[in-house]
Structure formats: structure tokens, C-alpha cells
Amino acid sequence: MAKNIDCCGTSNGEADRDLAFLPNCWSDDVRMGFLLADFRSRNVNPESYDSKLRFWKDLVAAYCLFQGSSVVSLIRLKNAFRRKSIAPQCLMTVFDEMLMNGELLPKDQFLESSSSSGFGMKWAFEKIRRKMKGISESEEFVVQTVAEKHSQMIQRTVECDGLFDKLINYTKLVKIVEQSSNIVEEGIRPALKLLEKARRLTMDNVASGKQLHKVIKFFQPTVDAHPVAYIERCIYELEQCELDLNQNITKTEQAIAEIMMQVHAHIQEGHKQSAKSLLKKKRILESIVQSKINSLENLQQLLSRMHETQQNISILEAFKLGSNVLKKTFADSGLNIHSVENTLQEMRDVLEENNEVQNLISTVTVNDSDDLDLEQELGSLINMKFKENKVSIENDPQDATITNQINDFDAEILKRLEALKVNNIGLHSPLTS
């Protein structure tokens, strides 16, 4: 149960720790006089109204986190936020606003499964009743944001302690969470309910002997919650038997130790018969202890086999999952033996066709008869031009400039003729592939 705090404005010792969640303005009489008073109409000053509402929402959340519980009620908060004997008059409006926005939910509705018979009708009736008669000061509600933060803290604790995919006794879980955080049992239940709705855990009841145990199984973030398997129930029952046997053996061994102390005392006092009677009782207990130890060893072997079987089941499920994924991949992509063979054969055919095309291209010969005719005609024209130039020189032998130009022209013509002969030889040589 969350502790109640009288926020009277004291500032020493234990009170300082109790007031750690309060804002700095809590010591300002003028400011707090306004904040503790009831709300005026929002139409008068919307900005002031929203600011005051936000102040109280934040303060309620801070109080819940400090207390370790997301569960609140009007009477509890009035006592917690009492300042100099003055209780806040505005909390009813704060609750109404938070209920309307879904930031506050009735505790019973929050913890009850939505699949319960008559769930919707029941809470619709409660909503109408609350609207007509107002909120009862003793009615308990859950602050949604605080429950969410607590659920995140519990998940981190489970991860750090390596408790994923294991059945955990609810009582044991409460002790683990209380040791690792300030969350109390009252705050643990709403947080677990949120995780259950988010499919992060499964809660169930498992019979162990004549007792019914409430157990919880947390799942990895990548896995959706699913019902507890039969083999998991069996393993849990055997583990409880193992625990009970260990406790019984420990108690019996302690009883034997006490008997031996009594035997020594009787021997010192000279009560041999009493000492002898106690020794008989000790032997009986030792026999019982040995029998229980044998049973414990057999039980531990059985548990080891069952854990191995559970691991094999997990491996087999992984194999099945992988096989189904591969089948789906093959089906979606059309990948199979026939399609691969057809593709490879098509590739062979294309490569063979490409080789044939290359071979055909490499065997093509160039018909150079036309080029030879053109060369012969060009040679004739060059000879004619040469003769004309020679006659012109003979008619005017004094023109040295013309002579030099002719000599240069002759040299250029000879060079081009040599080049034509080389090209001609190249045209007649066979093409190599």
C-alpha cells in the first residue's frame, strides 16, 4: 500500500525526503493559494486554466512515481497534498479532465480483462453513474503514464535478471521488482496488466500439489506472447517439487542437528536411556533424509531430461520455421530445379549463337578490285601532270622558283605513291580471324 504524506511545508529530516517530489513553488504562499483553490471557468482565462491543470497532472504523476504506485484516489491525494492543513479544492476537476482524456482509468476496469462477460455494459453503466453522482473520493484509479513507466522498469529488471521465457511465480516476481526498484506490489499489478495487453507476457495459474500458483512468463521483445505450453507446466510443477524436497531435507537435517545437541546434553547429565532414545530417532530421520535425497536426485535427472526435451522442441520449431521460410522464398521467386535447368540451357544457346556470329564476322573478305582500278587511274593522272610540268619547265628554264615547287611537288607525289603501294599490299593480304 502506498504511504500517505502530509505535505505541511516542513523542511527537515524525514520530511525532506517525503517532499522530494514537490515543486519549488510549494513554499510560495501566494502561488499555492491560487493552485490549491478550485478552478474558475476556463472561458475567463484559458491559458491560466490549462497551466494550472498541467501543474496538477504533473504533480499527481510525480507523487505516484515517488510512491511506487500508479493507483490513486481523491481522498489519498487530498491527504498527500494537504498544505498547512489546507487540502486542495481543485482535484475533482483534475480527475474529471484526466478521465475524459483517458489519462486516468478506474482501477477495477483497468485490471479486468476486456474479454470478461458483460465487460462493456458494466463499465458503460459505471460511466453514467459517475457522471450523474460524481467521483467517489474513495474510488481508486490508475494513472496511465505512471503505469507505462512502471511496465518499462519491470521489463528492464526481467531482462537484467535473465527471466525471459521462464515461468516465474508471481510472489517471487514481486520480491525481485521490489528489491530492484521502488515499485510496490500495488503498482506492479497495473504495470503487468499493461504488458499483458501489449502481448509482452502471459499470466496463468498452475497447480502444484494442492496449491494453485499464479505464474507469469515474459517474452522477448521480438516474440508475441502465447499460452503456457503443457511441458512448461510440467517443468514448473517438478521444479516446485524439487524446491519443496530441498526445504524438507534442510529442515530434517536441522532437526537431526538439534537431536545431537540434546544427546550430548543427556550424556553429560548421565541420562543414557534418554540419549539412546534420541539416537534412535536420529537414525530414523537420517533414513528419511537419505530417502528424500534419492528422490531428489531422481527428480533432478527427470528435470534435466525434460529441459533437454524442451530445448529439442525449440530447435525443431526453429527448423520448421526455417524450412517454411525457404519454401515460401522458392515459391515467391519461382526458384526450382526445372527453372534453373531451363535458364542454364537458354544461356548455353545464347552463348553458342554469339560464337557463331563472331565466327561469321571474322571470315568476311574485302573486295578490293574497285580500289585497284582507282589507283591505276590516279597513277595515270599523276604521270600526265608530271609530264605537263616538265614541259613547262623546259619552256621557261630561268624560273627557279617554279623549279623548286615542281621538285617539292614531285617528292610529295612519290611519297603518296609509296603509301598507296603499301595500302595496296595490305588490301591483298588475307584477313585473320
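**Notebook: helix ends, cores and a crossing**

I began at the start of α13, where a side-chain oxygen of N336 comes to within 3.2 Å of the backbone nitrogen of H338. (Helices here are DSSP runs of H or I with at least four residues, strands are E runs of at least two, and both are numbered from the N terminus.)

Note to self: this is a predicted model, with local features needing pLDDT of at least 70, side-chain atom pairs counting only at pLDDT 80 or more, and totals for chains, interfaces and linings using all residues. Residues are numbered from 1 along each chain as its sequence is written, and side-chain values use heavy atoms, with hydrogens and water left out.

Next I checked the span of α13: residues 337-362, 26 of them, reach 38 Å from first C-alpha to last. That is close to the 38 Å expected at 1.5 Å a residue, taken as 1.5 Å times one less than the number of residues.

Then I looked up contacts of V72 (heavy atoms within 4.5 Å). Leaving aside neighbours within four places in sequence, V72 touches C64, L77, F95, L104, E139, E140, F141 and V143.

Last, I turned to α8 (144-160) and α10 (185-197), which pack at about 80° with axes 8 Å apart. The axes are lines fitted to C-alpha atoms over the stretch in contact, with angles from 0 to 180 degrees between N-to-C directions. So α8 is roughly perpendicular to α10, a label for 65 to 115 degrees. Q144, A147, E148, H150, S151, I154 and Q155 of α8 meet G187, I188, P190, A191, L192, L194 and L195 of α10.

Notes:
A polar contact is a pair of N or O atoms within 3.5 Å; within protein, one must be able to donate a hydrogen and the other to accept it, and residues adjacent in sequence count only if both atoms are side-chain atoms. Angles under 35 degrees count as roughly parallel, over 145 as roughly antiparallel, 65 to 115 as roughly perpendicular and the rest as oblique.
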